[in-house]
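Student: I would like to learn how to read sheets, salt bridges and surface patches in a model. Could we go through them with the structure in view?

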Amino acid sequence: MLGTLCRTGGAVFKNSQQSLPRLWVTLSQQRCASRLPMNTVVLFVPQQEAWVVQRMGRFHRVLEPGLNFLIPVLDKVRYVQSLKEIVIDIPEQSAVSLDNVTLQIDGVLYLRILDPLKASYGVEDPEYAVTQLAQTTMRSELGKLTLDKVFRERESLNSNIVRSINQASDDWGIRCLRYEIKDIQVPPRIKDSMQMQVEAERKKRATVLESEGMRESGINVAEGRKQAQILASEGEKAEQINKAAGEAQAVLAKAEAKSKAIRLLSDALAEQNGNAAASLSVAEQYVAAFSNLAKKSNTLLLPSNAGNISGMVTQAMTIYSKLAKQSPPAESMKTDEPPVQSPPAQ
């Protein structure tokens with residue numbers, strides 16, 4: 001009997017579709033190719049659809065997908081809502097940015113019906129209402145941004161539009177999933193200005209890079225000169241240190257040689273006939289010095305007895321004898337010989 005009722009209901013529904021005029025449907029119903037079905041007692045609701053049933057003009061219930069039974073004449077399917085994700089193309093519209101630039105912008109809206117009851121009785125045409133709300137919200141959000149930020153913050157702009165739509169569409173049983181801006185068109189003059197700005201920015205970056213390169217080059221040259229001067233000063237310092245060390249070693253060597261010479265001379269003077277040898281050495285030096293007089297300068301200071309060589313030698317030996325007497329007694333204890341008397345001056 002149930003099979004007979006189903007076959008009878010299907011035949012009646014098919015005949016009703018051919019005979020009855022097309023009823024008013026929403027855009028979502030056109031998209032899913034559904035029409036308001038007749039009450040055939042037994043109804044089969046497709047998956048992802050919700051049929052809103054009225055009983056005697058008042059809301060009765062929402063038919064779930066699958067097999068459903070209705071009372072003839074009293075019950076009537078008034079709305080058919082699709083629960084699939086719906087894509088709505090937002091037509092192109094003009095909007096003014098914060099810096100008074102007129103833009104032509106369009107987008108795509110993705111939404112889904114969550115509550116068929118609110119979508120049926122909360123608004124006359126849910127998709128049209130959401131489309132108009134998306135357009136007004138988009139104009140409002142664009143008015144808060146400058147032209148440069150519109151291109152840089154498209155994701156933020158999309159999320160703000162979705163949030164604003166959801167705040168207003170909660171009473172309609174509709175949930176906006178996402179909104180995407182498809183195209184943004186600017187006036188030709190603004191586009192030319194933007195192109196000039198891009199070229200100027202590129203030239204600026206090139207100039208900055210060139211100046212930075214010149215600065216780095218100057219820094220490198222100055223650093224090289226600094227290192228060269230440091231190395232030169234260190235080399236000069238090392239040279240002076242080596243030179244000073246060499247001079248000090250030379251002075252020490254001369255002092256050691258002189259001390260050895262003095263020690264040998266003192267040993268020689270302490271021997272027998274040492275005074276005579278010293279007198280001979282003084283006389284030779286006096287003669288050599290006297291022979292070099294008036295060779296480098298014509299101004300001379302001479303003693304009164306410059307020609308008396310023996311007197312000069314006697315005077316020199318007298319000075320030596322006085323110095324020898326002032327020497328420590330340890331030197332005189334080394335030898336047992338009496339001090340040598342200098343010969344009288346001739």
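Tutor: Let us begin with a single side chain: this is a predicted model, and in it Arg178 has a relative accessibility of 36%, so it counts as partly exposed.

Student: With which residue does Arg178 form a salt bridge, and how far apart are the closest N and O atoms?

Tutor: A salt bridge is read from a side-chain nitrogen of Lys or Arg within 4 Å of a carboxyl oxygen of Asp or Glu. Here the partner of Arg178 is Glu85, and their closest N and O atoms are 3.1 Å apart. Because Glu85 sits in the loop between S5 and strand S6 (86-96) while Arg178 belongs to strand S8 (residues 174-185), the pair ties together parts that are 93 residues apart in sequence. Glu85 is partly exposed, its relative accessible area being 31%.

Student: Which residues are linked with this pair in a network of salt bridges?

Tutor: The network consists of Glu85, Arg112 and Arg178. In the whole structure, a search finds 7 salt bridges.

Student: Which other salt bridges should I look at, and are their residues buried or exposed?

Tutor: For this reading, buried means under 20% relative accessible area and exposed means over 50%, with partly exposed in between. One of the salt bridges joins the side chains of Glu141 and Lys144, with 3.7 Å from N to O. Its two ends fall into separate classes: Glu141, at 10% relative accessibility, counts as buried, whereas Lys144, at 53%, counts as exposed. Another salt bridge is made by the side chains of Arg175 and Asp170, with an N to O distance of 3.8 Å; Arg175 is partly exposed at 37% relative accessibility, and Asp170 is likewise partly exposed, at 41%.

Student: Let us turn to the sheets. What is the order of the strands in the open sheet that contains S8?

Tutor: The general idea is that strands of a sheet pair through backbone hydrogen bonds, in either a parallel or an antiparallel sense. In this case the open sheet has 3 strands in the order S6-S7-S8, and the pairing is antiparallel. S6 and S8 are the edge strands, each of them pairing on one side only. Neighbouring strands of this sheet are turned against each other by 25° on average, with direction ignored.

Student: How many bridges are there between S6 and S7, and which residues stand opposite each other?

Tutor: S6 pairs with strand S7 (residues 102-113) over 9 bridges in the antiparallel sense. Ala95 has Leu103 in S7 as its bridge partner, and Ile90 stands opposite Gly107 in S7. The two strands S6 and S7 form a hairpin with 5 residues between them, and in the turn Asn100 has a positive phi of about 60°.

Student: What joins S7 to S8 on the other side?

Tutor: S7 and S8 are paired over 10 bridges, again in the antiparallel sense. In S8, Asp183 is the bridge partner of Asp106, and Ile174 is that of Ile113.

Student: What is the strand order in the open sheet that contains S5, and which strands lie at its edges?

Tutor: That open sheet also has 3 strands, in the order S3-S2-S5, with antiparallel pairing. The edges are strand S3 (58-63) and strand S5 (75-82), each of which pairs on one side only, and the twist from one strand to the next averages 30°. Strand S2 (residues 49-55) is joined to S3 by 5 bridges, the two running antiparallel; Val52 has Val62 in S3 as its bridge partner.

Student: In which strand does Asn68 lie, and what is close to a polar atom of its side chain?

Tutor: Asn68 lies in strand S4 (residues 66-69), and it is buried, with a relative accessible area of 8%. A polar atom of the Asn68 side chain lies 2.9 Å from the backbone oxygen of Glu64.

Student: Finally, which residues make the nonpolar surface patch?

Tutor: Val41, Phe44, Leu67 and Phe69 make a nonpolar surface patch of about 370 Å². Of these, Val41 is placed in the loop between helix H2 (27-31) and strand S1 (42-45). Val41 is partly exposed, with a relative accessible area of 33%, and a patch residue needs over 30%.

Methods: Residues numbered from 1 in each chain as written. Predicted model: local features only at pLDDT ≥ 70, side-chain atom pairs only at ≥ 80, totals over all residues. Heavy atoms only, no water. Patch = residues over 30% accessible without salt bridge, like charges linked within 9 Å, V, L, I, M, F, W, Y side chains within 5 Å. Areas by Shrake-Rupley, 256 points an atom, 1.4 Å probe, with all protein chains shown as cover. Helix = DSSP H or I, 4+ residues; strand = E, 2+ residues; numbered from the N terminus. Buried < 20%, exposed > 50% of the residue type's maximum accessible area, 1.4 Å probe, protein only. Pairing = 2+ DSSP bridges. Axes fitted to C-alpha atoms, helices over the stretch in contact; angles between N-to-C directions. Polar contact = N/O pair within 3.5 Å; in protein donor to acceptor, adjacent residues only side chain to side chain.
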